[in-house]
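Visitor: Please take one part of this structure and go through it closely. I would like to hear about the sheet and what packs on it.

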Amino acid sequence: MENLVHTLEVLSNAFGPSGSEMEVRQLVRERTEAHAQQAYVDALGNLLLTKRGTKRDLHVMVSAHMDEVGLMVVGYTQGNLRVATIGGIDPSILPGLHVLVGRKKHPGVIGVQAIHRTSHKSREQSPDIEDLAVDIGAQSEEEARKLAPLGTPIIFATRFHAVERMCSGKAFDNRAGCTVLTELLQGDPFPCDVTGAFTVQEEVGLRGAGVAAYAISPDLAIVLEGTVADDLPKKESDVSPTTELGKGPAITVKDRSYVTYPPLLRHVIRTAQEMHIPYQIKQPGVSGTESGAIHRVGVGIPSITISVPCRYIHSPVSLLKLDDLENTIRLIQAVLSTLPSDILKIK
Amino acid sequence: MDLKLLEKLTQTFGPSGYEGEIRAAIREEVASLGDELYVDRLGSLVVHRRSAAPQAKKLLLAAHMDEIGLMVTHIEEKGFLRFTNIGGLYPLHHIGGRVRFANGLIGTIYVERREDRSQAPQLKHLYIDVGAKSREDCPVAVGDPGVFVGSLVQQNGRLISKTMDDRIGCYVLIEMLRQIQAPAYDLYVVFSTQEEVTLAGARTSTYRIAPDIAISVDVTLTGDTPKALPMAVELGKGPAVKVKDSGMIAHPTVRQMLIDAAQQADVPYQLEVLQGGTTDAMAMQLVREGIPSGCLSIPSRFVHSPSEMVDEADVENAIKLLVATVETN
């Protein structure tokens, strides 16, 4: 079987901003299809793979969104590309970055004036996205339009690196989740039926997950994520980080988009404790995840989000610890293997 | 007024997502009031009362049983708790107030000293003191939900309590179930979950029931307090038939159905246009192919504070209006 780090590397390096997830979908499909009894791509581009269980008492959807944040060409200034963001990106991190333009990955640079040409004052101000342009070496608007037509998606050009137990690369939100889901699908069948959903367009409004949940109509859902780890030293020391690297999978109790179904929360925590898998509670109330879209579908789908902590997400490079990735896989495997048949029964 | 019932409803624990206790409390009250009773996937309690009329239309009435609250996000070294909101919180409403956790533990909510006092404090400036002396000593954990404290008071024809939003709606629907003799509709009464966060309980219960008409019963704001935002709803002028709020426009047929019922029951009513806020009806109207939806509101002052105030006659008249609605085709 393919090494976990290699899977993460291949997926991290792949091109897949929201709406252009084809390359990622192909990569996860070729790794998982043989392990599923049913696989199809729905109208929005979600890849749904069903792995039949040995007991079949419950049907669980496990989702991981394939898309990443990026940029999109929205105009031209002579040969330079004007861009808008796809998903949440702080424009102040962009100047000077190396990017890949379009699925053919034409190299580009987000232009900056040489320091010789800028004033102290201008260097103190953060640029707006409108102030930035991507230089692809085109000499004219005509040439730029040919290389990168309006609407062309753009990604960060970061390449993956692994040193000992640390990995760095782009798009760990959510190729970390995709790696976990790929690994889960490649393993032995679970007692319950499991449908893995590699979803689209999470970063622009949880769009893929809702329709996937409607199609699958599962009893329960587990959402896999790569989430914020902001565990670096701060000025105010007595505040909790959202999550911390190395402390295990981060379990969501409540975020901006949903409240976790308490019996499922209890089962996940109990499983982690019994299996001696480290875990952490993600700081409640931060961000939104696909559980927000899934839990409200149809007759209701009790959901939980479980994340691999990653530093610097939504930037050109994020950092994660392999232990967290492995422990997330172990936890979800154990959770799925021991789901009580009566978990949906509430008084 | 059945004050004992209202006391039980307003004082029972049930922040969004954690409705187990309030569901059990309501279940006790409605156990014998329906032909069928079930709990939905996301925890809503549904009472189904069949009609003797052939081909009766399905009517869904919903009041949410969840309440606003807070959730612990961090425990400081000295044992103070920081928290996030469950539902819409106004920090000013809670300074000096109390919070109660599921295990009965009480905490005082207070605010840091702020350099700039010209701005209203934000949630991040507030903390809870449960009497703990250190983080290790603190009997509450990150992720624990809590609710605000505010006892029930009956005075001058008004009722004051925490969580009138929306236990007063639950009260109205329980009383209505007690009083109806022969429903003209195939009636589903939903005590919904998670209204204050995502409207997910009513949305999913409505999907399962697939009603012909859906009506939420919830509180609305009033324009009758000092320097209130202008709004033509007052306490004591009758239940309010919703025309529009920030999440929905009531279906004209449903609106008229409620007005006709008010006239038939000979109770006063007001028309309501609410500029900020919405109810379960917002989610219900968009379920499946679309469901004609409306809302009957109980006017309430100080909504989302620990001392929400309603008028007794408005509550009684809302019950009469809904009984007439359900019994008339």
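Guide: An angle here runs from 0 to 180 degrees between N-to-C directions, along axes fitted to C-alpha atoms, for helices over the stretch in contact. The model is predicted. With that in place, start at helix α7 (residues 312-327) of chain B, which lies across β3 (58-64), β12 and β16 of chain B and runs at about 155 degrees to β16(B). These three strands belong to an open sheet of 8 strands in chain B, with mixed pairing and the order β1-β2-β12-β3-β13-β16-β14-β15. The edges are β1 (36-39) and β15 (270-273) of chain B; each has a single partner strand, so one side of each is left without a neighbour in the sheet. From one strand to the next, the twist averages 25 degrees.

Within the sheet, β16 (residues 293-299) of chain B pairs with β13 (residues 213-220) of chain B in the parallel sense, over 7 bridges. In that pair, V217(B) stands opposite L296(B) of β16(B). Another helix, α2 (residues 20-30) of chain B, also packs on the sheet, where α2 touches β1, β2 (45-49) and β12 (186-192) of chain B. The direction of α2 makes about 15 degrees with that of β2(B).

As for the setting, the domain assignment of chain B gives domain 1 as 3-67 + 162-327 and domain 2 as 70-148. The centres of the two domains, taken over C-alpha atoms, are 31 Å apart. Where they touch, 11 residues of domain 1 of chain B are in contact with 11 residues of domain 2 of chain B. The domain 1 side of that contact has 5 nonpolar, 3 polar and 3 charged residues.

How values were computed:
Residues numbered from 1 in each chain as written. Chains lettered and ligands numbered in written order. Predicted model: local features only at pLDDT ≥ 70, side-chain atom pairs only at ≥ 80, totals over all residues. Pairing = 2+ DSSP bridges. Helix = DSSP H or I, 4+ residues; strand = E, 2+ residues; numbered from the N terminus. Contact = placed C-beta atoms within 7 Å. Domains from an automatic or database assignment. Nonpolar A, V, L, I, M, F, W, Y, C, P; charged D, E, K, R; others polar.
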